[in-house]
Structure formats: C-alpha cells, structure tokens
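Student: Got a minute to go through this one with me? I'd like to start with the charges and work inward.
Tutor: Sure, pull it up.

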Amino acid sequence: MIERSPEIAELIGALVKAQAAMRNPQLDIPNPHFRTRYASLTSVRDAVTPALTAQGLVLTQLVSTTEKQEVI
C-alpha cells in the first residue's frame, strides 16, 4: 500500500485548478527538417508558470550528482 500525505487532496485540488487555467504553449521554434514548429522551453514555461503560481504551486528541477561528480 502506498502511503500518502494527508495534504494530497489540497495538492490535487490546486493542480486541477492550475490545469484548467493553462493554455497551450506557442510553437515558436522552426524545425526545418520536418518543416514543422515546436514549443521552446521558454514557451512552455510561459504557458504553465502563471497558472501554477496562481495556485501557490512552483515548478522545480532537482539536481544531484553521481559518485563521479557528474550533475544529473
């Protein structure tokens, strides 16, 4: 059985509200090989950060190192 924090309902509620407010990112980078466009990381962050912030949520990226001191 998976143990869950009692606050999971609050988190899920905030994520549902944030998701409802999110918009699709702009396809702002051309891909000449396929003659298409794709969304840059900047465009994706611009699309999701305001909705997350409005619900008191933050987007993070955890960093750690290997035994060889490589950043992962």
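Student: How far apart are the mean positions of the positive and negative charges of the chain?
Tutor: They are 13 Å apart, taken over 7 positive and 7 negative charges. Keep in mind that this is a predicted model.

Student: Okay, the fold. In what order do the elements of the chain run from the N terminus?
Tutor: The order is α-β-β-α. That comes to two helices and two strands.

Student: What is the radius of gyration of the chain, set against a compact globule of 72 residues?
Tutor: The chain has 17 Å, while a compact globule of 72 residues would be near 11 Å. Along the principal axes, the C-alpha atoms fill a box of roughly 50 × 40 × 25 Å.

Student: And what percentage of the residues is buried?
Tutor: Buried residues are 12% of the 72 in the chain. The accessible surface is about 6,600 Å². Carbon and sulfur atoms hold 58% of that surface.

Student: What share of the contacts with a separation of 6 or more is between residues 24 or more positions apart?
Tutor: Those pairs account for 29% of such contacts.

Student: Next, the core. Which residues make up the largest nonpolar core?
Tutor: Seven residues: Ala14, Ala18, Ala47, Val48, Ala51, Leu52 and Leu57. Helix 1 (8-21) and helix 2 each supply at least two of them. Helix 2 gives the largest share, with four residues.

Student: Take Leu52 from that set. What does Leu52 touch, not counting residues up to four places away in sequence?
Tutor: Leu52 touches Ala18, Met22, Leu57 and Leu59. Two of these partners, Ala18 and Leu57, are listed in the core as well.

Student: Leu59 isn't on the core list, though. Why does Leu59 count as partly exposed?
Tutor: Because its relative accessibility is 46%. Buried would need under 20%, and exposed over 50%.

Student: Where does Leu59 lie, and what is it in contact with?
Tutor: Leu59 lies in the segment after helix 2 (41-54). Leaving aside neighbours within four places, Leu59 is in contact with Arg45 and Leu52. Its C-alpha is also 7.4 Å from that of Thr49, a residue 10 places away in sequence.

Student: Staying in that segment, where is Thr65, and what does it touch beyond four places in sequence?
Tutor: Thr65 is in the segment after helix 2 too. Thr65 touches Glu70, Val71 and Ile72. At 45% relative accessible area, Thr65 is partly exposed.

Student: Switching to backbone angles. What sign of phi do most residues other than glycine have?
Tutor: Negative, for most of them.

Student: What is the phi of Arg35, then?
Tutor: About 55°, so positive, although Arg35 is not a glycine.

Student: Where is Arg35 found, and is it buried or exposed?
Tutor: Arg35 is found in the loop between strand 1 (29-31) and strand 2 (36-38). Arg35 is exposed, at 79% relative accessible area.

Student: What about Gln69: what is its phi?
Tutor: Near 65°, another positive value in a residue other than glycine. Gln69 is found in the segment after helix 2. With a relative accessible area of 58%, Gln69 is exposed.

Student: On to the loop before helix 2. Is Ser40 buried or exposed?
Tutor: Ser40 is buried, because its relative accessible area is 14% and the cut-off is under 20%.

Student: Where does Ser40 lie, and what does it touch beyond four places in sequence?
Tutor: Ser40 lies in the loop between strand 2 and helix 2. Ser40 touches Asp28 and Ile29.

Student: How far is Ser40 from Gly13, C-alpha to C-alpha?
Tutor: The separation is 28 Å, with their positions 27 residues apart along the chain. Gly13 is in helix 1.

Student: And how far apart are Gly13 and Ser43?
Tutor: Their C-alpha atoms are 25 Å apart, and the two residues are 30 apart in sequence.

Student: Last one. What is the relative accessible area of Gly13?
Tutor: It is 29%, so Gly13 is partly exposed.

Methods: Residues are numbered from 1 along each chain as its sequence is written. This is a predicted model: local features need pLDDT of at least 70, side-chain atom pairs count only at pLDDT 80 or more; totals for chains, interfaces and linings use all residues. Side-chain values use heavy atoms; hydrogens and water are left out. The radius of gyration is taken over C-alpha atoms; the globule rule is 2.2 Å times the number of residues to the power 0.38. Buried means under 20% relative accessible area, exposed over 50%, partly exposed in between (1.4 Å probe, protein chains only). Contact means heavy atoms within 4.5 Å. Accessible areas come from the Shrake-Rupley method with a 1.4 Å probe; for residues, only the protein chains shown count as cover. Lys and Arg count as positive and Asp and Glu as negative; His and the chain ends are not counted. The place of a charge is taken as NZ of Lys, CZ of Arg, CG of Asp or CD of Glu. A nonpolar core is a set of buried Ala, Val, Leu, Ile, Met, Phe, Trp, Tyr and Cys residues joined through side-chain atoms within 4.5 Å.
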